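Dear colleague,

Here is the structure I promised to hand over to you. Please open it beside this message and follow along as you read.

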Amino acid sequence: MTLQKIAALMVAGILCVTMTGCGSSDKDAKDATSHDKKTEKPVADTKEESKNDGESSASETVEGDTAQFGQTLVNKDGFSFTMSEPEEFQPSDEALVGEGTPLKVHMTFKNGTDKPVETTFIAITAQSGGKEAEEIYDAKNKLGELLTETLNPGDSIEFDSAYAAADPNDFSLKIISLDWATDEYHFVK
């Protein structure tokens with residue numbers, strides 16, 4: 001793990017601790033700050049939701065540490081990640097975009113564990129063409145927002161994330177969290 005990633009995780013942890021006192025226990029206040037991130041309680045089957053919404057559904061659930069885009073990966077603790085196929089998109093004129101092809105991925109995290117999971121401690125990085133793909137920050141498209149939700153057992157969250165890919169045909173995501181110590185999870189094409 002690079003020093004930059006360790007520093008980013010430490011900053012996220014410090015922010016979480018310092019912001020704990022600023023939070024509100026009022027459900028309506030939390031809903032008002034969650035933007036377009038969709039948190040559900042209890043969680044319906046993602047495949048059924050996708051079919052009903054007319055979106056492409058996850059084709060398969062796999063266990064382990066690596067999955068293909070379009071699949072759902074379930075870790076050893078029961079936490080699952082679903083990543084759509086990366087799609088090219090047009091960022092807004094105010095977006096911060098690195099060099100490369102803009103790719104957007106729809107993500108769903110579901111807490112199938114028996115403990116709450118702090119999404120603040122989850123870090124997602126992308127690789128493309130043999131180098132790190134920069135995340136795209138685009139307020140108009142609600143991309144690049146920090147995850148700050150606590151996912152209680154049975155909860156899920158859906159959101160989009162985007163990256164500037166050097167080679168759209170060679171694109172992968174890595175997910176790490178302080179909650180899983182040294183475990184890494186990967187999505188590949």
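**What was found**

The protein exposes about 10,700 Å², and carbon and sulfur atoms supply 50% of that area. Please keep in mind that this is a predicted model, and that everything below was computed from it. Of the 189 residues of the protein, 41% count as buried, and the chain is arranged into 3 helices and 14 strands. If you look at contacts between residues at least 6 apart in sequence, 69% of them join residues at least 24 apart.

A good place to begin is strand 9, which covers residues 122-128. Because 5 of its 7 residues are buried, strand 9 is largely enclosed by the rest of the structure. Strand 9 runs antiparallel to strand 13, and 7 bridges join the two; within this pairing, I124 has I175 of strand 13 as its bridge partner. Strand 9 also pairs with strand 10, again in the antiparallel sense, over 3 bridges, and here the bridge partner of Q127 is E132 in strand 10. These two strands form a hairpin with 2 residues between them, in which G129 takes a positive phi near 60°.

From the strands we can move to the nonpolar residues. In soluble globular proteins, nonpolar side chains tend to be buried together. The largest nonpolar core here has 28 residues, of which F81, M83, F109, F171 and L173 touch the most other members. At least two residues of this core come from each of strand 5 (79-83), strand 7, strand 9, strand 12 (156-165), strand 13 and strand 14. To see how one member is surrounded, select L173, whose contacts include F69, M83, V105, M107, I124 and Y163, once residues up to four places away in sequence are set aside. Apart from the largest core lies another one, of 5 residues, among them F89, A95, I136 and L143.

The last topic is charge. Side chains of opposite charge can pair when their charged atoms come close. With a limit of 4 Å between a side-chain nitrogen of Lys or Arg and a carboxyl oxygen of Asp or Glu, the count comes to 4 salt bridges.

In one of them, K140 pairs with D93, with the closest N and O atoms 3.5 Å apart. K140 lies in the loop between strand 10 (131-135) and strand 11 (150-151), while D93 lies in the loop between strand 6 (87-88) and strand 7 (101-111), so this pair ties together parts that are 47 residues apart in sequence. K140 also forms a salt bridge with E94, and there the closest N and O atoms are 3.6 Å apart. E94 lies in the loop between strand 6 and strand 7, so its pair with K140 ties together parts that are 46 residues apart in sequence. E94 is exposed, with a relative accessible area of 56%, and K140 is exposed as well, at 53%.

Another salt bridge joins K174 and E184, whose closest N and O atoms are 3.8 Å apart. Since K174 sits in strand 13 (residues 171-177) and E184 in strand 14 (residues 184-188), the pair ties together parts that are 10 residues apart in sequence. K174 counts as buried, at 19% relative accessibility, whereas E184 is partly exposed, with a relative accessible area of 31%. Finally, salt bridges that share partners join D93, E94 and K140 into one network.

With best wishes

Technical notes: Residues numbered from 1 in each chain as written. Predicted model: local features only at pLDDT ≥ 70, side-chain atom pairs only at ≥ 80, totals over all residues. Heavy atoms only, no water. Helix = DSSP H or I, 4+ residues; strand = E, 2+ residues; numbered from the N terminus. Buried < 20%, exposed > 50% of the residue type's maximum accessible area, 1.4 Å probe, protein only. Contact = heavy atoms within 4.5 Å. Areas by Shrake-Rupley, 256 points an atom, 1.4 Å probe, with all protein chains shown as cover. Pairing = 2+ DSSP bridges. Core = buried A, V, L, I, M, F, W, Y, C linked by side-chain atoms within 4.5 Å.
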